[in-house]
Amino acid sequence: MRPIHFEIHADDVARACAFYGTVFGWTFEDWTAFAGAPYFGARTGEGPGIDGAIMGRRPGSSAGPGAPVNGAVLTMGVADYDAVEAVILASGGVVALPKMALTGMAWQGYYLDTEGNVFGIHQPDPAAA
């Protein structure tokens, strides 16, 4: 079995959609009427991968710097780590764990989105050291 859908929880759903749309080019469809609460389907692209949604965070949830992860950490494959990192930072993202080499495999790093959620980016590179 493999994942077929993800959900990103957000205090400000519109702000989160704007962040992921700007950084990764995702598009969104408003499914709020179906879900009964703020819920925007996320189309992440074509080819291998999954689609998901951004939804309103329930009151009382904790997120942000220093908080334990209370959900899955999504890692997005990218072609140019440094270029994507620049867009993340310019769009209000914050470095959570700086770029590091996964020796002989890839470059990997983690960030906080505008809602305090952790996500990663991963650029395959057999020369990473």
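Here are some questions and answers about a predicted model, covering one helix pair and a few individual residues.

Q: At what angle do helix H1 and helix H3 pack, and is that roughly parallel or roughly antiparallel?
A: Helix H1 spans residues 13-24 and helix H3 spans residues 81-90, with their axes 9 Å apart. The angle at which they pack is about 155 degrees. Angles over 145 degrees count as roughly antiparallel. H1 is therefore, relative to H3, roughly antiparallel.

Q: Which residues of H3 are met by residues of H1?
A: H1 passes H3 in a right-handed crossing. From the H1 side, the contact involves Phe-19, Thr-22, Val-23 and Phe-24. Their partners in H3 are Val-84, Val-87 and Ile-88.

Q: How do the residues of the contact of H1 with H3 divide into nonpolar, polar and charged?
A: Let's look at both sides together: Phe-19, Thr-22, Val-23 and Phe-24 come from H1, while Val-84, Val-87 and Ile-88 come from H3. Val, Ile and Phe count as nonpolar, and Thr falls among the polar residues. The division is 6 nonpolar, 1 polar and no charged.

Q: Is Asn-117 buried or exposed?
A: Asn-117 sits in the loop between strand E7 (106-112) and strand E8 (118-124). Its relative accessibility is 14%. Since buried means under 20%, Asn-117 counts as buried.

Q: Which residue has its backbone oxygen 2.6 Å from a polar atom of the Asn-117 side chain?
A: For this one, we stay with the loop between E7 and E8, where Asn-117 lies. A polar atom of its side chain is 2.6 Å from a backbone oxygen. That oxygen belongs to His-9.

Q: With which side chain does the side chain of Glu-46 make a polar contact?
A: Glu-46 is in the loop between strand E3 (39-43) and strand E4 (51-56). Its relative accessible area of 67% makes Glu-46 exposed. The polar contact of its side chain, at 2.9 Å, is with the side chain of Arg-43.

Q: How far apart in space are Ala-37 and Val-84, C-alpha to C-alpha?
A: Ala-37 has its place in the loop between helix H2 (32-35) and E3, and at 37% relative accessibility Ala-37 counts as partly exposed. Along the sequence, Ala-37 and Val-84 are 47 residues apart. In space, their C-alpha atoms are separated by 31 Å.

Q: Which residues does Leu-74 touch, not counting residues up to four places away in sequence?
A: Leu-74 belongs to strand E5, residues 74-77. At 22% relative accessibility, Leu-74 counts as partly exposed. With those sequence neighbors left out, the residues touched by Leu-74 are Phe-6, Ile-8, Val-118, Phe-119 and Gly-120.

Terms used. Residues are numbered from 1 along each chain as its sequence is written. This is a predicted model: local features need pLDDT of at least 70, side-chain atom pairs count only at pLDDT 80 or more; totals for chains, interfaces and linings use all residues. Side-chain values use heavy atoms; hydrogens and water are left out. Axes are lines fitted to C-alpha atoms, for helices over the stretch in contact, and angles run from 0 to 180 degrees between N-to-C directions. Helices (H or I, at least four residues) and strands (E, at least two) are DSSP runs, numbered from the N terminus. Angles under 35 degrees count as roughly parallel, over 145 as roughly antiparallel, 65 to 115 as roughly perpendicular and the rest as oblique. A crossing is left-handed if the near helix is turned anticlockwise from the far one by less than a right angle, and right-handed if clockwise. Contact means heavy atoms within 4.5 Å. Buried means under 20% relative accessible area, exposed over 50%, partly exposed in between (1.4 Å probe, protein chains only). A polar contact is a pair of N or O atoms within 3.5 Å; within protein, one must be able to donate a hydrogen and the other to accept it, and residues adjacent in sequence count only if both atoms are side-chain atoms.
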